[in-house]
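I opened the notebook to record what I looked up in this model, element by element. The entries follow the order in which I went through it.

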Amino acid sequence: MNKKGLKTTVLVLLLFCLSLSFLASQPTIEIPSAQNLVILATTDLHGNVWGFSYEDDKDTTNNGMARIATYVEQVRREENNVVLVDNGDTIQGNIMTDDLYNKREGEHPVMRAMNLLEYDAMTLGNHEFNFGQNLISRIQALANFPILAANLARVDGTMAAKPYTIIERSGIKIGIIGLTNPNAPRWDGEKTDPFIYAPVGQAARRVVDIIKDKVDVIVVVSHVGIYPEYDEEGGSDGANSILELCPEVDVLIVGHDHNAIKEIRKNTVIGGARNLGREVIRIDLALNEKREIVDRKIELVDMANYEPSDFIRKNAFIAEAHKATRDFISGGAPSADGKPSGGIFGKASVDFQPKNEILGIPEGKLRDTAVMDLINTVQLMNSGADVSAAALFADTSDIPKGDINYGTIFGIYKYDNTLYRVEVTGAELKAYMEWSAACYNQWKPGDISISFNPEKPGYLYDMFSGVDYEIDLSKPVGSRIRNVMFKGKPLANDQRLTLAVNNYRYSSALKAQKLVAGTKEWESPNSIRDMLVEYIKAQGTITPKVDNNWKITGVNLASPYRDQVIKMVNEGKLEVPYAKSLNIDELKKQGVIK
């Protein structure tokens, strides 16, 4: 049987297993009178237990599980029937999780916090797969609650996680269905090989059919956004398909894209929240004596209004994990593999990233900078490739003047990626560069700033070293890359060369978008972050170096009004022009300038 046939068979088995497994039979309990049911949901916590930015070594003021604990405790005091669920991307995202506890055996601070908060269920997010099936199995064993993914099976056809759970509050039976993101293989490649993923809508429909006559309230906790991310025609990776196929769903929790959502469509309440525990989704359902929902409302509760709970911060294990992470950054604790972290291991002679001319518009994506050249230089050195590609993952990424520690490196490279080398043709490299350049909006006459396509987040914008090139923003997407030179000569379409790229981009772009035919020929034994650390250790003091191998063309940003308009943006009098360029003609029509 070929691989395609195997996947089809496994998907059929997955849906068949759903129809037989996890059937709950519980005695009926009459509800004496109308009841209020409160469903609290978190999503995309990304390991933020304490409410702390480890790369900056300071407390945050508006997020984290410690603040969530304060709010949950309050709601449980006020309400009799409270359900608490999490929507995934929970155990990845900071130095504590990625560099220490995800790589160690035993207890995990995120799971400890979730157990303390007595979550009722958690759905697997795509980032739960970043560290492979061993970490999935580990958190399943650590959790005092079911971890759900109704659309996930192992390649042998067995369920990889529970598809749903049924809980009860004062006689109200609540069915909770979990759905993971079926795009995980795009991003994590071989780490997802043990699993088969089914479309979210179809998997939800199957489970709804199993439980709809056994429960009073159906809650779907789905680690996808409302709209499809890749499968725009089939909708297999968007929550809209759940709404279309499963009108019986009472509550739909969405996530993954970090968007704040609160709406009611027909009889379904839909909630999504910003990341890192900035908000808790709260849904109140009023049920009559027949357990029928007679009223529903939703709010997003901002955690900036709550103080961190000692219930979390004074737990001995969590407090020690927090201290161990800070010690790891400062050099006082070993890494997961037992090697010292090095503490302060280098110095920057000056700030590496140029200051933004326009508030909120990252200069590091408008021109070549020392931060990107450093990352690409290290990738080229370690891979031996001809060309390197890397992204500025955060618009604020910088290596500021002064001491450099592990937190500094996390600030410019926040993901635990490894490095691949793959052979490409000149035509394939140009196609990849065009894919990257789609992150910009097209320039039009009157624009005095460059803006970015909001549908293409900045972490998808790669910058390249080893070739010289221009990005012509007067041209539409797909026709922007100009004058690509390799070793002083025009890069021919049939020329073969090697490319250094991280494992995530290899899977999610080069292979998923069918940009490159070849497969990786080499993988680094360590992470790109570790490579950066070793390079800076060897250098001692690093000085910004910029080779200016690329530039933006096809724009004319000059205007006698430009300084005036930029000043208005920087003073907060005009909206930051991130997704739409400042255009003189439009500003004149609006009366902003005369």
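The entries below cover two sheets, one helix with its surroundings, and two loop residues.

**Ground rules.** I am working with a predicted model, in which local features need pLDDT of at least 70 and side-chain atom pairs count only at pLDDT 80 or more, while totals for chains, interfaces and linings use all residues. Residues are numbered from 1 along each chain as its sequence is written, and side-chain values use heavy atoms, with hydrogens and water left out.

**First sheet.** I took helices (H or I, at least four residues) and strands (E, at least two) as DSSP runs numbered from the N terminus, and I let two strands pair if DSSP finds at least two bridges between them. I found an open sheet of six strands in the order β6-β5-β4-β1-β15-β16, with mixed pairing; its edge strands, each pairing on one side only, are β6 (147–148) and β16 (293–302). Within this sheet I followed β1 (residues 35–42) and β15 (residues 279–287), which pair in the antiparallel sense over seven bridges, and I noted that Asn36 has Ala286 in β15 as its bridge partner.

**Second sheet.** Another open sheet has six strands in the order β8-β9-β11-β12-β14-β13, again with mixed pairing, and its edges are β8 (164–169) and β13 (261–265). Neighbouring strands of this sheet are turned by 20 degrees against each other on average, direction ignored. Strands β9 (residues 172–179) and β11 (residues 217–222) run parallel and are joined by six bridges, with Ile176 opposite Val219 in β11. For angles I used axes fitted as lines to C-alpha atoms, for helices over the stretch in contact, with values from 0 to 180 degrees between N-to-C directions; on that basis helix α7 (residues 200–211) lies across β8, β9 and β11, running at about 155 degrees to β9.

**Helix α11.** I then asked how many of the 14 residues of α11 are buried (under 20% relative accessible area, 1.4 Å probe, protein chains only). The count is 10 of the 14, so α11 is largely enclosed by the rest of the structure; among the buried residues are Asp373, Asn376 and Gln379. Val371, which lies in this helix, is buried at 0% relative accessibility. Leaving out residues up to four places away in sequence, Val371 touches (heavy atoms within 4.5 Å) Phe352, Gln353, Leu392, Asp398, Ile399 and Ile412. Gly384, which follows α11, has a positive phi near 70 degrees.

**α11 against α15.** Helix α11 (residues 370–383) and helix α15 (residues 528–539) pack at an angle of about 95 degrees, with their axes 10 Å apart. That makes α11 roughly perpendicular to α15, a label for angles of 65 to 115 degrees. On the α11 side I listed Leu374, Ile375, Val378, Gln379, Met381 and Asn382, which meet Ile528, Met531, Leu532 and Tyr535 in α15.

**Two loop residues.** Most residues other than glycine have a negative phi, and I looked up two with a positive value. Lys266, in the loop between β13 and β14 (268–272), has phi near 55 degrees, and Arg291, in the loop between β15 and β16, has phi near 65 degrees. Are these residues buried or exposed? Lys266 counts as exposed (over 50%) at 83% relative accessibility, whereas Arg291 counts as buried at 14%.

Terms used:
Angles under 35 degrees count as roughly parallel, over 145 as roughly antiparallel, 65 to 115 as roughly perpendicular and the rest as oblique.
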